[in-house]
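Q: Please take a close look at the loop residues and the buried helix packing in this structure, and describe them in one connected account.

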Amino acid sequence: MLGVTITASAQASSLRVQLPFDIRSINPGVNRDHNTDGVVLHMVEGLVAYGEDALPKPLLAEKVEISGDGKTYSFTLRQGVKFHNGASLSSEDVLWSWNRYMDPKTDWRCLSEFDGRGTVKVESVTAPDTRTVVFTLDKPSALFLTSLARTDCAMTGILHKDSVKADGSFDKPIGTGPFKLGEWKRGEYIKLERFADYASLPGKIDGLTGAKRPLVDELRFVIIPDSATAKAALTRGDVDVVPDVANADIAELKKSDKVSLSVVSSMGLVGLIIQTRDPVMGNVKLRRAIAAAIDTDELVGAVTDGIGKPNQSIVPALSAYHGPVEQQGVKYDPAAAKKLLAEAGYKGEKIVMLANKRYSQSFDSAVIAQQMLKAAGINIEIEVLEWATQLDRYNKGNYQIQAFPYSGRLDPSLSFESMTGPKDKQPRKLWDDPQVQALLEKSMVVAGKAERQAIFDELHKRFIADVPMVMLYNGTVGGAFSKRVKGYTSSPTSLPRLWEVSVDG
């Protein structure tokens with residue numbers, strides 16, 4: 001599987017892509033943010049990557065074999081893969097990259113996921129031959145491959161040793177990705193160049209793996225912070241792609257004959273989180289009444305301009321683990337809500353819901369939910385805070401109820417972990433139940449999909465019954481692009497994917 005052949009129609013072509021902010025660095029997984037990841041992951045690749053269904057799948061690895069005890073992972077590398085400097089990928093490059101990541105001086109974001117502070121400790125990494133790399137863990141982990149593939153970890157991207165200078169300091173990423181670094185003009189643009197010898201997987205695009213051919217000669221990420229300016233630049237033809245546009249802008253851009261759209265569901269979570277230790281909110285029947293009083297279909301339709309779909313499960317709708325059980329939830333039933341309120345002994349006590357205006361969909365959810373809850377006889381008052389203040393209240397557990405967005409986690413264990421745990425040690429946690437915690441911990445160890453599915457099904461049933469959160473919907477990602485752009489599709493991670501994309505003219 002050697003370098004791809006680019007057709008004449010794609011020669012000397014440039015794709016201009018809007019970025020809302022400048023990137024933080026070009027050092028994979030170091031001094032990064034989501035915006036930075038969107039650029040860097042066009043240059044570097046890992047052994048595995050997330051597929052469209054959020055499951056980790058081979059990328060630089062041809063195959064992955066797991067030992068019977070779940071503690072040994074053997075990766076067989078693909079043949080014909082080259083780095084941007086022309087060197088061939090080998091197991092020694094994987095070892096060099098891993099040792100660099102595990103050096104605390106590198107300051108890799110995901111060091112704690114693998115050094116024993118997280119769910120697993122990598123005890124050794126060896127290279128029996130040039131195409132084989134063996135990772136040995138201290139215990140079985142269902143999340144090892146998921147953690148390797150994390151986008152905020154830069155996919156644990158494999159680099160050539162020439163990526164660092166003689167003194168060990170980082171120079172530039174010499175990876176295996178479809179594009180290589182051209183020029184970074186800070187505050188203005190980042191230019192990436194087509195890697196002519198890129199070895200693409202066959203088939204179709206699949207998340208961050210699958211087919212990834214570079215079909216343009218140059219990617220130019222242009223920094224345009226203001227969304228209105230970016231939209232105007234797109235309609236004028238000054239940029240070709242705006243990867244993430246607001247729902248209101250999507251409705252407007254649909255009417256344009258100069259722009260196409262790609263809208264997909266994301267893995268993010270939007271809902272109403274509840275402090276179960278609050279004297280009022282601690283009553284489970286009151287929490288169930290709140291859930292029954294919210295018409296999720298109507299709320300989600302209004303908040304997302306008809307784009308989003310309700311999902312009452314912590315397991316995102318796109319997940320391979322979102323099955324028939326996860327599709328079940330609390331039905332909108334005002335009469336049942338009033339009956340539960342009476343059984344709860346609710347006397348109209350004021351309940352304060354925190355919200356912010358930084359995340360407009362979350363704020364709109366609060367306003368619409370307030371109206372629905374008041375109609376059921378629940379006295380809700382909204383207190384609008386700056387996002388930093390609301391986040392501080394969340395971290396301290398100092399609230400009754402909040403309209404709150406969670407960023408996407410690509411494995412259900414991580415979604416549940418973000419809100420499950422002992423409140424005494426971690427006040428930000430929503431759901432403090434030892435039985436739930438035991439189930440969650442088991443889901444992080446067992447590797448079989450059927451067994452994990454059964455655990456997530458049970459967790460969902462308990463989540464709906466206990467109501468530590470009224471889950472509303474997953475976010476949406478809408479990308480807008482010029483009519484001359486062919487092949488662009490939005491990603492559930494909201495990161496731009498500019499491989500397998502071409503331009504006319």
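A: In this predicted model, A154 is buried, its relative accessible area being 2%. A154 sits in the loop that runs between α3 (144-149) and β8, and its phi is near 60°, a positive value in a residue that is not glycine. N31 also combines a positive phi, of about 50°, with a side chain other than that of glycine, but N31 belongs to the loop between β1 (14-19) and α1 (34-40). With a relative accessibility of 40%, N31 counts as partly exposed, because that value falls between the 20% limit for buried and the 50% limit for exposed.

Two further loop residues can be placed in the same way. E188 lies in the loop between β8 (179-185) and β9 (189-194), and with a relative accessible area of 40% E188 is partly exposed. If residues up to four places away in sequence are set aside, E188 touches F221, V222 and I223, whereas P316, which is 128 residues from E188 along the sequence, is 36 Å from E188 in space when C-alpha is compared with C-alpha. P225 is found in the loop between β12 (218-223) and α4 (227-236), and at 58% relative accessibility P225 counts as exposed. Although 206 residues of chain separate P225 from L19, their C-alpha atoms are 7.1 Å apart, and P225 touches both L19 and P20, again not counting residues up to four places away in sequence.

F221, one of the residues touched by E188, also has a place in the interior. The largest nonpolar core has 70 residues, and the members that touch the most others are L15, F75, F114, F135, F144 and F221. The contacts of F114, leaving aside its neighbours within four places in sequence, are with W98, M102, W108, V120, K121, V122, F144, S147 and L148. Apart from this core lies another, of 37 residues, with A289, I294, I351 and I401 among them.

A289 leads on to helix α6 (residues 284-293), in which seven of the 10 residues are buried, so that α6 is largely enclosed by the rest of the structure. The buried residues of α6 are L286, R287, A289, I290, A291, A292 and A293, a list in which the charged residue R287 stands beside nonpolar ones. Their cover includes β14 (259-274), α8 (334-344), β15 (351-355), α9 (360-375), α13 and β18 (469-482).

Of these elements, α8 can be followed in detail. The axes of α6 and α8 are 8 Å apart and meet at an angle of about 165°, and the two helices are therefore roughly antiparallel to each other. Their crossing is left-handed. On the α6 side the contact is made by K285, L286, R288, A289, A292 and A293, and on the α8 side by P334, A337, L340, L341, E343 and A344. Sorted by class, this contact of α6 with α8 holds nine nonpolar residues, no polar ones and three charged ones. As a general point, an α-helix has 3.6 residues a turn, so residues three or four places apart point the same way.

Helix α9, which is also included in the cover of α6, packs against helix α7 (residues 296-303) at an angle of about 145°, with the two axes 9 Å apart. Here α7 passes α9 in a right-handed crossing. E298, L299, A302 and V303 of α7 meet Q361, D364, S365, I368, A369 and M372 of α9, and by class the contact of α7 with α9 has six nonpolar, two polar and two charged residues.

The remaining helix in the cover of α6 is α13, whose own packing partner to consider is α12. Helix α12 (residues 434-443) and helix α13 (residues 449-466) pack at an angle of about 155°, and their axes are 10 Å apart; α12 and α13 are therefore roughly antiparallel to each other. The crossing in which α12 passes α13 is left-handed. From α12, the residues Q435, V436, L439, L440, K442 and S443 meet E451, R452, I455, F456, E458, L459 and R462 in α13. The residues of this contact divide into six nonpolar, two polar and five charged.

Definitions and conventions: Residues are numbered from 1 along each chain as its sequence is written. This is a predicted model: local features need pLDDT of at least 70, side-chain atom pairs count only at pLDDT 80 or more; totals for chains, interfaces and linings use all residues. Side-chain values use heavy atoms; hydrogens and water are left out. Axes are lines fitted to C-alpha atoms, for helices over the stretch in contact, and angles run from 0 to 180 degrees between N-to-C directions. Helices (H or I, at least four residues) and strands (E, at least two) are DSSP runs, numbered from the N terminus. Angles under 35 degrees count as roughly parallel, over 145 as roughly antiparallel, 65 to 115 as roughly perpendicular and the rest as oblique. A crossing is left-handed if the near helix is turned anticlockwise from the far one by less than a right angle, and right-handed if clockwise. Contact means heavy atoms within 4.5 Å. A nonpolar core is a set of buried Ala, Val, Leu, Ile, Met, Phe, Trp, Tyr and Cys residues joined through side-chain atoms within 4.5 Å. Buried means under 20% relative accessible area, exposed over 50%, partly exposed in between (1.4 Å probe, protein chains only).
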